[in-house]
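I opened the model to make a few notes on one side chain, one helix and one pocket. The entries follow in the order of lookup.

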Amino acid sequence: GAAVAHQQGVTTMILGLTMSQFIALHVAISLIGIGAGLIALPAFARGRILRRTTGIFLWATLLTNLTGFLFPIVAFTPALGTGIVSTLVLAVAFRAWYARKLVGRAAPAYAVTATMALWLNLFVLVVQSFLKVPALNALAPNGTEPPFAAAQGALLIAMVGLGYLAFKASRGRATAEDMPR
């Protein structure tokens, strides 16, 4: 949890931060990535490229994953699996965006992987919201109840729709004129 861990009287530190400070940093980075993704990806689906916002989305999402791997790992967990999958997906998105500059098949590859990366972050946000927000936790204390399933189902439907629009828009891209140099 968010409590500071103690081991033989020593406070656990990560990157020089207490556990609660590190959790706050991790969450802040995650929320920045989600916010930027919720601006950049719908714009991309409408055929607009927001270079800076997309860069913030990609880098903040990667930093979210990397900081997630710094938490003490004692066993393989769904959170660890999600971080691994998200990092692999982001590798493709980074290559399509920065190395290939959305030329050719890179544009649809970016559309799919950026959508997946944003969905994974939002998926975790929903999970954490049901764990940490008392009103939501009361509706689904185990994360298996209908309100939790409905929230994740609605999120999945919305992201599939957004991903479809982004993929469709990406197929019309043939040049890298408005990409970073």
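I looked up Leu66 and found its place in helix H2; helices here are DSSP runs of H or I with at least four residues, numbered from the N terminus. This is a predicted model, in which local features need pLDDT of at least 70, side-chain atom pairs count only at pLDDT 80 or more, and totals for chains, interfaces and linings use all residues. Residues are numbered from 1 along each chain as its sequence is written, and side-chain values use heavy atoms, without hydrogens and water.

Is Leu66 buried or exposed? I noted partly exposed, because its relative accessibility is 41% (buried is under 20%, exposed over 50%, partly exposed in between; 1.4 Å probe, protein chains only). I also took the C-alpha separation of Leu66 and Ile84, which is 9.5 Å for 18 residues along the chain.

Next I checked H1. Its 27 residues should span 39 Å at 1.5 Å a residue, and the end C-alpha atoms are 38 Å apart, so the two agree (the expected span is 1.5 Å times one less than the number of residues). Just after H1, I found Gly47 with a positive phi of about 90°.

Last, I turned to the largest pocket (an open set of points on a 1 Å grid over the protein atoms alone, where a 1.4 Å probe fits, with protein on both sides within 12 Å along at least five of seven lines; lining residues have an atom within 4 Å of a point). I recorded 33 lining residues, with His26, Phe71, Ala79, Val124 and Gln128 nearest the centre. H4 gives the largest share of this lining, 9 residues.

Note on methods: Helix = DSSP H or I, 4+ residues; strand = E, 2+ residues; numbered from the N terminus.
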